[in-house]
Every structure is written in C-alpha cells, then in structure tokens.
Amino acid sequence: MQVPIKFILHLADNSLLMSQRLGEWTGHGPALEQDIALTNIGLDLLGQSRLFYQLAAARINEQRTKADFVPQASYPVSEDDLAYHRVEHQFASHLLLELPNGHWGQTVLKLAFFARWQQMVYAQLLSCTDEGVAAIAEKSLKEVQYHVKWSSDWVVRLGDGTAESHKKMAEALAFLWPYTGELFEQTNWNMNQINWTDCSYKWQQGVNEMLYHATLVMPEKTGKQSGGLRGIHTEYMGYLLAEMQYLQRVYPGNEW
C-alpha cells in the first residue's frame, strides 16, 4: 500500500526548509569545525528532501495528479517543480522549521527537536509497506541519528554552560516550545502512516532527558502554534521561499 503523496511531500518539505535555514549559517558558525558540521547536516537534509521529492514527482506523474500539488507546472513534474514552484499554502511543513535561526543556541535547539522527531518517524517508516518510502527512511535514519547526538550535545553544553549561555537557551526554549506540539498533529493524510501516540511519548522522553542534562526547565503549558500542515504559515515563510526559490523563478528550467 502506497503512502499518500501529501505525506511524502510533507517529509520532503520539512527537510528542505530545515536545510535552507541551516544553510544560512554557512560561514557564520562559532568555530570552523562546527560551521562545517552544521553545513554537512544541512546537506544531509537536502539529500533527504530530494529523495522524497523525486519519489513524489514519480507518483504524481504516474497518477496524473499534478493539479492537486503543483498546478502551474507541466508534465512531467520534477523535483525542482515541487521545491521551487509551489507557494506558501502548498507547503505542508511544520511551523517550527520556518522560524528564524536566531542565535546559535536557538538553532541547535530547534535542530534537536526536529532531528528527534525525524528519528521517531523514520524508525516507524522502516516497516512501511511502501517500499519506496521505507528505503528512504532506512538511508535517512543513519544520518538523523548523528544529527540527534550532535544537536543534543550542543544543547547540553550551552544549557549547562555559563550563566549567559544558560539564559539564552532558556529564552530559546520558551520561544520554540509552543511550536513543538504541531509535530504530532494528525491529518487525513498522515494519521494511518505513523503511531503518533508512541512517537510523541518517545520524543518527549528523549527531550526531557536532554533538557535535564542541560539544566533547562520545561516551560509551563502554553498555547500550541498550529497551521503548517494545512498550509497556513507564519510571516517568515514567504521571505524564506523568496530567497530559496529566486533563481529558479527568474530563470525557470535552468539546470545547474
């Protein structure tokens, strides 16, 4: 049984947006080693998004469902059409990923939340009956396990560091936390693909352990920010897409 195209695009969109945000750090990291590490993580995520976009494009062309996803493109639909020729409301990505980077600590905390989410989701997709999705999940999971460790180590290092670094991490946690609830939202195109209750429980366990070692206190219950899965995004999304899609829109069909 094939996974819905919308869910495949959701996985691709998430990885693409996180990759784009991490790419903004290239040349600006706190040290050369960490600059390179974060750039490589961004490239991992870009590779994951390409695999999912390629699979989605193949399914769209096979099923002739272009109008549902990228009506402005012509057949055959390509991965570039899906990444560069859709507008905000056509992306089914989590709001967390489009938020601005902020300082280094905020970026690594956001990555830690997302990487752990990917780890939970990809682990479940290994047993997916859709062989195309399962194969991408298997390859990506190996990369994500490193992303989880690297980002979590940085969260602990900064949270349990100086008074200033701890303060900044606490502020980053307060800012990002309301966006994490959306990670486990169910829709009519993802509810049968993943055991979200199990994912949420294991994700929370891992996050609690990370925050404990980082001496960070979980924020008090706050309202949940939501809308990304329905194509309702923050003000940051338009600016992110404008920069990311600029060259393809100015020179459509160009190959690099």
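At the N-terminal end of helix α9, Asn195 acts as a cap, with a side-chain oxygen placed 3.3 Å from the backbone nitrogen of Thr197. The model is predicted, so that local features require pLDDT of at least 70 and side-chain atom pairs pLDDT 80 or more, while totals for chains, interfaces and linings use all residues. Residues are numbered from 1 along each chain as its sequence is written, and side-chain values rest on heavy atoms, without hydrogens and water.

Helix α9 comprises the 18 residues 196-213; at 1.5 Å a residue a span of 26 Å is expected, and the end C-alpha atoms, 26 Å apart, agree with this. Helices are DSSP runs of H or I with at least four residues, numbered from the N terminus. The buried residues of α9 (under 20% relative accessible area, 1.4 Å probe, protein chains only) are Trp196, Cys199, Trp203, Gly206, Val207, Met210 and Leu211. These cover an arc of only 135 degrees around the axis, which puts them on the same side of α9; the arc is taken from the directions from the helix axis to the C-beta atoms. They pack against α1 (5-23), α6 (104-125), α7 (131-159) and α8 (163-176), contact meaning heavy atoms within 4.5 Å. The face turned away from the buried side carries Thr197, Tyr201, Glu209 and Tyr212, which are exposed (over 50%). Just after α9, Thr215 adopts a positive phi of about 55 degrees.

Methods
Helices (H or I, at least four residues) and strands (E, at least two) are DSSP runs, numbered from the N terminus. The expected span of a helix is 1.5 Å times one less than its number of residues. A polar contact is a pair of N or O atoms within 3.5 Å; within protein, one must be able to donate a hydrogen and the other to accept it, and residues adjacent in sequence count only if both atoms are side-chain atoms.
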